[in-house]
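Visitor: I would like to go through the cavities and the ligand site of this model. Please show the structure before we start.

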Amino acid sequence: MSYALLDTPIEYLKGVGPKRAEVLQKEFGIFRFADLLFYFPFRYVDRTKFYKISEIHPDMQYVQVKGRLISVETIQGKGKNQRLSALFSDGENTLELIWFTGLRWIKAALKTDADYVIFGRPGSFNGRLNMAHPEMELLKDHIASPQGKLQAVYSTTEKAKNLGLDSKGISKLAITLLTQIPPNSFGETLPSTILNPLKLISREQALRSVHMPSDNDSMQKSLFRLKFEELFYAQLRLLQVKNLRKQQLKGIVFEKIDTYFDEFYHQHLPFELTNAQKRVLKEIRRDTVNGYQMNRLLQGDVGSGKTIVALMTMLMGIDNGYQAAMLAPTEILSNQHFKTISKLLEKTNLNIKLLTGSTKKSEREEIFRLLEDGSLHILVGTHAIIENPVVFRNLGIAIIDEQHRFGVAQRAKLWGKNKENPPHVLVMTATPIPRTLAMTLYGDLDISVIDELPPGRKSIRTMHYHQFSRQKVLDLMASEINKGRQCYVVFPLIEESEKVDMKNLMDGFEQLQAALPQFSISMLHGRMTGEAKENEMKRFAAGKTQIMVSTTVIEVGVDVANATIMVIENAERFGLSQLHQLRGRVGRGGDQSYCILLTNTKLSNDAEIRMQTMVRTNNGFEISEVDLDLRGPGDIEGTRQSGDMKFKIADLAHDQQILVLAREMAQHILEDDPELKNAQNAIIHEILSLEMKTRGAWARIS
Ligand code: ADP
Ligand code: MG
């Protein structure tokens, strides 16, 4: 019965109707009653607290004020722009309230000289305190319908607000619905073997009090319960994928460590491996002999030496008669890997080729032939390796560098490159991601971390300057170049304003030429052909030019050890992980290197934190944690397109402990009962199979 009720189209909820239904569907994906219950608040405010206007400042979150509406007027702005401006007084001070949309509707609803409780986010304009689009409730209504102490705050949109569906409007609907649903209508989705030891409240209780908590304690408990449930099922699914793969796919066994690996290790390795590199190689070794397919993520900060680990992993395969492939996201990077690897292996008789979009047809055909007859040992390249009708004779190991540009589907495509067993896969990323994200994004992979830089590195000194200190930066560049070093100067590139960005780049180039006429300058940008880029890179790498001005095309992987200064123009326009990647382009040799962040003088709070973080630390993992905190999981580099990141209530930036708990619990359950056949896991089994049938139905089960 309740199932049918929850499945009712939202239009039929009291207070909705066709117009609001349309907006609820379009703006929030709320089609049915159940969807509204799973449209969770993102925060709560204490509605018993009232502020004086004198206590408010523009950086505050939501505040509630009691007072009188003095006047309301429509103000004509530029062109057709109008706004509504109202004066609100708490008896001592006044505050301007403003609206930019829905003016007529709002103006008609407002009563001057009436007492109101207003609620909203303070802001400022021209140095004057104001509040845009506040919620307004007549004081007498407020008193007549006492709120719970905590009010749920829902995210909303302008369109929804114009139909009265501000946070409070949505809250009202949720409460209307909940009071309409009879008690004990929500089925349980977790077994008592989880509920009891973790002291989780029932699903019924949680779904009710998440929308209308009676107090802080019940709010916390319902959030915990719902977040746990969401994360638990997500982890369970990932771990099942992993288990299934182990059951169904037989892995190639690299039985022996032989000539190539041994010879390289003892004779050609140009340096002693760091302990972290050794540890990771052991982990990989274990994966490649246990009869399962390796699916391992290797995380290591820029410059931590992942390439050599990749190379030695490929040698393990080659020693056992298999071929190896190494994929990189760009041509520049593929070229670079090809060169590095060819050089490291030049004393061996191994056959190595490069395949990219610009490989000539004859060369391409030659490569296909060598691949098929098995005489090509290592193929380095871009997506071309996946996209082309490339058939390996026996691909044993595939390395994917810079994972975030390759999708999961592409990873899977690689497996198809073999006639028999899928190759082992090692995914490498130089964008360290926080543990919680790794567990979610790569929850089906095993994870290795290189947490140690090769010895002798001087840590890069990072400085933050405002534009007007440019001369200092030019002086530093000149003095480094006079010592024989080289510099990068990077300009931001944002697609929407490519023209402006190109102009900035050109202007920057000219200004540098004028300021440092004694040096030669290279330039690199996205509009150049692959060949032109390559040539410019070559000139710079060979020391023929001293300064490389570029857009972010140099971001990934470029390796010129003699470059010691990275100047980042308009650094406030870059995200943290990008800044960190850029910084990683210097500090590759033994010389002291510098990263200079040039910004405007006026920075947003977030930009200020980003600059301070960069100056404070060189640790990529630490930086990724700050990044996650600032931007939330959806915007972290490389995760944007990922549907795996879309949680309804869990928040990976702040719910790390719950996630760890959920994963441990999921692991524990699958270890005891891999196929979820035990009676006590019946609920879990049911939920998962139901979900398989109707993806997304999770929200509808009751
Ligand atoms: P990344 O992890 O960013 O891909 P690379 O593999 O490019 O790092 O290595 C960065 C630099 O450090 C390279 O020049 C490489 O030769 C060097 N390197 C790697 N491992 C070691 C080591 N154990 N000792 C000294 N230098 C190393
Ligand atoms: Mg690399």
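Guide: For sorting residues by class, Ala, Val, Leu, Ile, Met, Phe, Trp, Tyr, Cys and Pro count as nonpolar, Asp, Glu, Lys and Arg as charged, and the others, Gly among them, as polar. The model is predicted.

Visitor: By class, how many nonpolar, polar and charged residues are in the lining of the largest cavity?
Guide: The lining of this cavity consists of 13 residues. Thr431, Pro432, Ser577, Ser624 and Asp627 are those nearest the cavity centre. Sorted by class, the lining has 6 nonpolar, 6 polar and 1 charged residues.

Visitor: Which element gives the largest share of the lining of the largest cavity?
Guide: The search of the whole structure finds 2 cavities of 30 Å³ or more, and the largest cavity holds about 80 Å³ of space. Two or more lining residues come from each of α22 (576-583) and α24 (620-631). The largest share is 4 residues, and the element that gives it is α24.

Visitor: Between which domains does the largest cavity lie, and why?
Guide: The assignment of the lining residues to domains settles this. Two domains both give residues to the lining, so the cavity lies between them: domain 4 (259-450) and domain 5 (461-617).

Visitor: Which side chain has an N or O atom 2.6 Å from an oxygen atom of ligand 1?
Guide: Serine 304 has a backbone N or O atom 3.4 Å from a ligand oxygen, so this is not a side-chain pair under the 3.5 Å cut-off for polar contacts. The side chain of lysine 306 places an N or O atom 2.7 Å from an oxygen of ligand 1. The 2.6 Å distance belongs to the side chain of threonine 307.

Visitor: What percentage of the area that ligand 1 exposes when taken alone does the protein bury?
Guide: Ligand 1 is surrounded by 16 residues, the closest being Gln277, Gly303, Lys306, Thr307 and Arg457. By class, this shell has 4 nonpolar, 6 polar and 6 charged residues. Taken alone, ligand 1 exposes 570 Å², and the share buried by the protein is 79%.

Definitions and conventions:
Residues are numbered from 1 along each chain as its sequence is written. Chains are lettered from A and ligands numbered from 1 in the order in which they are written. This is a predicted model: local features need pLDDT of at least 70, side-chain atom pairs count only at pLDDT 80 or more; totals for chains, interfaces and linings use all residues. Side-chain values use heavy atoms; hydrogens and water are left out. On a 1 Å grid over the protein atoms alone, a cavity is a set of points where a 1.4 Å probe fits but cannot get out, and a pocket is an open set with protein on both sides within 12 Å along at least five of seven lines; lining residues have an atom within 4 Å of a point. Grid points are joined across faces, edges and corners, and a volume is the space filled by probe spheres set on the points. Domain bounds come from an automatic or database domain assignment. A residue is near a molecule or strand if one of its heavy atoms lies within 4 Å of it. A polar contact is a pair of N or O atoms within 3.5 Å; within protein, one must be able to donate a hydrogen and the other to accept it, and residues adjacent in sequence count only if both atoms are side-chain atoms. Accessible areas come from the Shrake-Rupley method with a 1.4 Å probe; for residues, only the protein chains shown count as cover.
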